[in-house]
Amino acid sequence: MSGGGCSIVWFRRDLRVEDNPALAAGVRAGAVVAVFIWAPEEEGHYNPGRVSRWWLKHSLAHLDSSLRSLGTSLITKRSADSVSSLLEIVKSTGATQLFFNHLYDPLSLVRDHRAKEALSGQGIAVRSFNADLLYEPWEVNDAQGHPFRTFADFWERCLSMPYDPEAPLLPPKRIISGDASRCPSDTLVFEDESEKGSNELLARAWSPGWSNADKALTTFINGPLIEYSTHCRKADSATTSFLSPHLHFGEVSVRKVFHLIRIKQVLWANEGNEAGQESVNLFLKSIGLREYSRYMSFNHPYSHERPLLGHLKFFPWVINQDYFKAWRQGRTGYPLVDAGMRELWASGWLHDRIRVVVSSFFVKVLQLPWRWGMKYFWDTLLDADLESDALGWQYITGTLPDGREFDHIDNPQFEGYKFDPYGEYVRRWLPELARLPTEWIHHPWDAPESVLQAAGIELGSNYPLPIVGIDAAKVRLQEALSDMWQQEAASRAAIENGSEEGLGESTQLTPIAFPQDIQMEENHEPLRNNLATTIRRYDDQMVPSMTSFLRVEGEESSLDLRNSAETSRAVVPRNVNVNLEPRRDTVNQGVRRTVRSNDTLAQFDFTVGLGYAEDSAAESSSSSRRERDGGVVPVWSPPTSSYSEQFVGDENGIGASSSYLHRHSESHQLMNWQRLSQTG
DNA sequence: TAGCGTTTGCG
DNA sequence: GCAAACGCT
């Protein structure tokens with residue numbers, strides 16, 4: 001290639017110097033300018049919440065100091081549009097190449113494709129790499145070359161691929177710095193004054209940064225890993241790996257995790273260590289779920305906002321702000337649920353099991369729209385991750401082909417005794433119940449008056465009565481589900497009659513808006529008043545703002561935009577209807593939204609991805625190295641006119657779970673994005 | 001110890 | 001709601 005010019009290494013969610021293929025390629029090619037572009041408006045609703053921004057701030061500082069010790073530094077840019085920033089950086093540095101690592105969420109797929117087009121158009125050589133997955137989504141297919149639909153099949157295939165995931169790369173020994181003298185960094189501001197107090201607490205529990213991630217990995221593998229299978233069923237999170245936020249920001253590579261785990265696996269297999277082997281398999285499964293979440297996101301780019309099984313769009317969600325508020329504040333009257341929500345609120349963390357408990361409760365007992373819950377998780381979790389969270393919520397609502405079914409309600413009382421048999425978890429997060437004996441800790445409403453009195457509890461006053469009874473919830477859920485199937489059948493019949501009304505207005509589906517009027521600050525006041533005396537140590541906790549993006553729009557920003565010349569919202573690809581624009585979002589975000597309410601529809605054209613799959617199959621026998629150097633960015637292309645019809649197919653889902661299929665076999669057809677691109 | 005009911009866990 | 005694992009006779 002060209003001599004002279006340096007290369008740009010564009011860091012995103014790969015904030016590490018070890019096993020970073022894009023960085024390695026840059027170093028191999030000569031001088032490097034390392035950049036990070038902060039463009040939160042580009043991400044619409046899903047721009048990072050307070051705790052995520054806190055993490056990012058520290059992770060970037062850590063990366064910068066690593067790069068400095070290697071001979072260069074991290075150029076940071078505040079931007080409203082990543083692609084134009086890249087073009088400016090190219091201009092000011094005279095770079096001739098761009099390297100970056102793949103991401104698989106829909107926004108990134110579109111943006112990265114745009115970046116590739118724009119820079120290639122300027123004569124820049126653009127190459128991209130796999131740094132986030134064991135295998136690229138398009139590498140893992142069934143015998144017919146189609147993507148898998150169930151996790152079990154997908155993961156089985158991953159574990160028996162004919163070639164291993166790439167071995168991790170060592171960090172570069174030295175980096176020759178490109179000339180960035182005409183490309184000064186912007187100071188990025190990730191927290192405002194009001195957030196600092198809350199953020200200080202995070203630093204006591206967490207250490208962002210790639211070398212800390214590496215330490216956390218080593219500690220986990222040499223310690224808690226062996227007990228992972230026995231302890232992972234307890235709410236007390238002492239034996240989880242705590243790697244998820246590190247993994248989200250790419251501070252540690254899954255391939256490294258995988259290789260180190262494999263070493264233990266072989267060791268324990270040789271020793272005949274049963275518990276160890278079981279733990280390894282279980283932990284690998286959680287890595288597999290992370291892979292699967294990207295796989296699903298790639299194959300079904302709308303899964304973060306649309307159920308994969310189409311019938312769910314007919315579910316009559318309960319729109320009740322008071323329920324939503326009670327759930328967020330941990331005041332539902334179910335101790336395990338409430339303890340979980342308080343932990344999340346205070347610490348940005350929640351054990352996986354408890355995530356399942358609180359989200360099932362949200363969807364099945366309260367019957368609130370799942371995307372509200374997902375958005376709240378997004379804003380409050382330290383390891384908020386669009387693909388994983390979308391997968392989790394889809395699992396809970398029974399819209400994954402092999403997920404849970406919707407119609408079974410888990411009783412938080414029994415789950416309480418399963419995950420927290422001695423009530424320690426509840427007592428830690430709900431001090432008002434601390435003196436209640438274990439016998440009653442997960443169902444205080446059954447406790448005799450004398451017991452409650454002795455424990456200082458007055459139900460309905462200092463701890464709520466159950467917000468909804470489980471039996472009532474079961475009845476209501478059955479009604480809602482039969483309503484859903486009725487609507488679905490009616491819609492299908494209408495379609496078969498050739499009446500276009502089927503999915504349209506006649507089913508009077510009303511979009512469910514995000515509760516944009518909800519101000520978390522305002523809402524947490526009552527709770528604060530209640531708890532100020534009892535839980536003093538959390539009383540400076542702010543609920544991360546659910547509406548920060550709205551305030552970016554309008555009034556004073558909670559994100560600091562002072563350094564941004566362009567405070568206007570990012571220009572997003574116009575045709576991409578992933579509801580990037582807050583305004584559109586708030587009107588148009590319902591699960592029950594009609595298809596036709598989307599005027600323009602996006603098409604992800606995966607022909608390049610598919611073509612690549614062929615390439616890689618051909619290459620895999622001869623050379624697996626070439627695959628890593630792939631250079632493929634999944635291609636997004638504007639909608640074709642015939643497209644919307646096909647889109648209806650995807651609305652209807654990717655095919656039913658086996659049991660749903662049984663009961664409602666006529667109602668589902670297999671339709672996925674690969675197919676669409678082939679037929680379209 | 002085969003055969004049965006019961007419990008557990010589920011991506 | 002079902003399959004595997006468990007434990008009882």
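Helices H11, H14 (352–365) and H16 (386–396) each put at least two residues into the surface near DNA strand B. Here helices are DSSP runs of H or I at least four residues long, numbered from the N terminus, and a residue is near a strand if one of its heavy atoms lies within 4 Å of it. The model is predicted, so to speak of a local feature takes a pLDDT of at least 70 and to count a side-chain atom pair takes 80 or more, while totals for chains, interfaces and linings use all residues. Residues are numbered from 1 along each chain as its sequence is written, chains are lettered from A and ligands numbered from 1 in the order in which they are written, and side-chain values use heavy atoms, with hydrogens and water left out.

Back to the DNA. H16 gives the largest share of the surface near DNA strand B, with three residues. Sorted by type, the residues of that surface come out as four nonpolar, one polar and six charged; Ala, Val, Leu, Ile, Met, Phe, Trp, Tyr, Cys and Pro count as nonpolar, Asp, Glu, Lys and Arg as charged, and the others, Gly among them, as polar. On the DNA side, 50% of the strand B atoms within 4 Å of the protein belong to sugar or phosphate, and the rest to bases.

Some polar contacts (pairs of N or O atoms within 3.5 Å) can be picked out. An N or O atom in the side chain of Lys-285 is 2.7 Å from a phosphate oxygen of DNA strand B. Arg-353 also has a polar side-chain atom 3.4 Å from a phosphate oxygen of the strand, whereas Asp-352 places one 2.8 Å from a base oxygen.

Now for the rings. The whole structure holds 32 aromatic pairs, meaning rings of Phe, Tyr and Trp (its six-membered ring) with centres within 6.5 Å; planes under 30 degrees apart are stacked, over 60 edge-to-face, and the rest tilted. Phe-154 and Tyr-295 make a tilted pair, 4.3 Å centre to centre with 40° between the planes. This pair links distant parts of the chain, with Phe-154 in H5 and Tyr-295 in H11, 141 residues apart. Both Phe-154 and Tyr-295 are buried, that is, under 20% relative accessible area (over 50% is exposed, in between partly exposed; 1.4 Å probe, protein chains only).

Elsewhere, one aromatic cluster brings together Phe-324, Trp-327, Phe-362, Trp-372, Tyr-376, Phe-377 and Trp-393.

Technical notes: Polar contact = N/O pair within 3.5 Å; in protein donor to acceptor, adjacent residues only side chain to side chain.
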